[in-house]
Amino acid sequence: MPLVRVLFVAHGPAHVPWTVPLAWAAQLAGHDVRVAARPQSVAQVLAAGLIAVPIGTAAAGDAFIRRATPDSGERPARIPPDWPSGPLGWSEERRLRWSDQVLGLADSLADDLVAFARHWRPDLVVHDVGAVVGLIAAAAVGVPAAAHNWCQPIGLYFLHEDEVPPAYVRLFERFGAQPRIGTDTWIDCTPPALRTEHPVPRIPMRYVPYNGPGELPDWLRREPARRRICVTGGITTSTIDDLGRRLLEEAEQTDAEFVLAVNRPEAFDGAKLPGNVTLTGRVPLTALLATCHALVQHGGAGSTMTALAHGVPQIVVPDGTDTPSSLYGVQIEQAGAGIHLRPEDRHPGALATALARLLDHDTYARRARAVRDEIAAMPSPAEVMAQLEAHARNPRPTAPAHP
């Protein structure tokens, strides 16, 4: 029997684009789709032509962004080296704080989401790996769940009971549900060249670039006179402000056309733009990168993967050494598809030097194109949706109650 209702649970605004291709695949397969989202993310869901279900408050989301969510004060008995942040090199305390944040956010969303799930009765819940509340809602109504990651093994997954924080257990018990402990499935867009090992079973899915709606400007309808380089900081970060200012100082050293595609062009008011730099507001990244020879970016999931989907080599300039953005730099470097410019390497002229290396050595472009081909060979969202239908018909056994 085909699915009737699929409930997607988004995380933050920057994560909504990862949900859209699979949500549309579900709708095009004839299923009824709803996307639960925090107030900060509702506009992105609506812009994609999907039905949004607002959950939680803006204040709780802002607290999560500021890392101000209170600690649970209760920690699991054992922390495996790969839980919950993957191979980022985070300390145990850093990983525990991440767990506290994610659980604190789930606590603020659970009442709204469970109430909606009990009213709407979905057949399947597909949730962002950062939206643990999706697991709680699925357990509360007794349906299977699948997590959707964003090319990093960052998310709470509990394989053994002594790894489970008491706060996680109480979130389920609040709704009379048994905690989900075990190997839930993850939908994974990570191409083989970037993949890192972790113990959660994965359903591979092709990354389909979706960067939100937008208009194609006139200048983007013409071939560039010189090699074009995109510089961006994603949709929810101000990292590009500092990066962009440093680029303005070094751009003239590179024989190329730069497009500074930022959400906050006002941050560059009064700045002197070199003749080979164009400052523009938001442009759909997939349309822009299709015309580019390189990307300079902050280490964002969407920026990284959109460039790879177009076979464009990149320079990743993360905002720190213990953030998710630093892992994208490591992944790109290991894949040979670009350069990871670490904080300790950012001396004056370093960006221009890295760009010269990226553009003058065809190895980076060839490796980026090879990763593009890996992405193209992965199952489409429509094929994955067919697998999820089978997953819903054969749900995983309910985990035993935590003592």
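User: Leaving aside neighbours within four places in sequence, which residues is Thr-254 in contact with?

Analyst: A note before the answer: this is a predicted model. Once neighbours within four places in sequence are set aside, Thr-254 touches Ile-229, Asn-276, Ala-352, Leu-355 and Leu-359. Thr-254 sits in the loop between α7 (239-250) and β9 (257-261).

User: Is Thr-254 buried or exposed?

Analyst: Thr-254 is buried, with 8% relative accessible area. The cut-off for buried is under 20%.

User: How many helices and strands does the protein have, and what percentage of its residues is buried?

Analyst: There are 13 helices and 13 strands. Of the 403 residues in the protein, 57% are buried. Contacts add to the picture. Among those with a separation of 6 or more, 68% join residues 24 or more positions apart.

User: Now a strand. How should I read the two faces of β4?

Analyst: Start with the general idea. Side chains in a regular strand alternate between the two faces of the sheet. In β4 (124-128), one side carries Leu-124, Val-126 and Asp-128, and the other carries Val-125 and His-127. Both faces are covered, and these residues are all buried. Five of the five residues of β4 are buried, so the strand is largely enclosed by the rest of the structure.

User: Which strands pair with β4, and in what sense?

Analyst: Take β1 (residues 5-9) first. β1 and β4 pair in the parallel sense over four bridges. Leu-7 stands opposite Val-125 in β4. Then take β5. It pairs with β4 in the parallel sense, over four bridges. Val-125 stands opposite Ala-145 in β5, and His-127 has Ala-147 as its bridge partner there.

User: Which way do the residues of β5 point?

Analyst: The alternation idea is useful again here. In β5 (residues 145-148), Ala-145 and Ala-147 point one way, while Ala-146 and His-148 point the other way. All of them are buried.

User: Where is Arg-121, and what is its phi?

Analyst: The general rule is that most residues other than glycine have a negative phi. Arg-121 is not a glycine, yet its phi is positive, at about 60°. Arg-121 lies in the loop between α4 and β4. Its relative accessibility is 43%, so Arg-121 counts as partly exposed.

User: Which residues of helix α6 are buried, and what covers them?

Analyst: In α6 (residues 166-173), the buried residues are Ala-167, Tyr-168, Val-169, Leu-171 and Phe-172. Their cover includes α4 (92-120) and α5 (133-141).

User: How many disulfides does the structure hold?

Analyst: Zero. Cys-230 is in no disulfide, and the nearest cysteine sulfur belongs to Cys-292.

User: Why is there no bond between the sulfur of Cys-292 and that of Cys-230?

Analyst: The cut-off is a pair of sulfur atoms within 2.5 Å. The sulfur of Cys-292 is 5.2 Å from that of Cys-230, so it is too far for a bond. Cys-230 is buried at 0% relative accessible area. Cys-292 is also buried, at 10% relative accessibility.

User: On to empty space. How many cavities of 30 Å³ or more are there, and what lines the largest cavity?

Analyst: The general idea is simple. A probe the size of a water molecule, rolled over the atoms, shows where empty space is left. The count here is three cavities of 30 Å³ or more. The largest cavity has a volume of about 110 Å³. Its lining has 14 residues, and Leu-135, Leu-156, Tyr-157, Asp-184 and Trp-186 lie nearest its centre. By class, that lining has 10 nonpolar, two polar and two charged residues.

User: How should I read the second largest pocket, and which elements give two or more residues to its lining?

Analyst: Begin with its space, about 190 Å³. The lining has 13 residues, and those closest to the centre are His-293, Gly-311, Pro-313, Ala-365 and Arg-369. The elements that give two or more residues are α11 (350-360) and α12 (362-376). α12 gives the most, with three residues. By class, the lining of this pocket has six nonpolar, four polar and three charged residues.

Technical notes: Residues are numbered from 1 along each chain as its sequence is written. This is a predicted model: local features need pLDDT of at least 70, side-chain atom pairs count only at pLDDT 80 or more; totals for chains, interfaces and linings use all residues. Side-chain values use heavy atoms; hydrogens and water are left out. Buried means under 20% relative accessible area, exposed over 50%, partly exposed in between (1.4 Å probe, protein chains only). On a 1 Å grid over the protein atoms alone, a cavity is a set of points where a 1.4 Å probe fits but cannot get out, and a pocket is an open set with protein on both sides within 12 Å along at least five of seven lines; lining residues have an atom within 4 Å of a point. Grid points are joined across faces, edges and corners, and a volume is the space filled by probe spheres set on the points. Ala, Val, Leu, Ile, Met, Phe, Trp, Tyr, Cys and Pro count as nonpolar, Asp, Glu, Lys and Arg as charged, and the others, Gly among them, as polar. Contact means heavy atoms within 4.5 Å. Two strands pair if DSSP finds at least two bridges between them.
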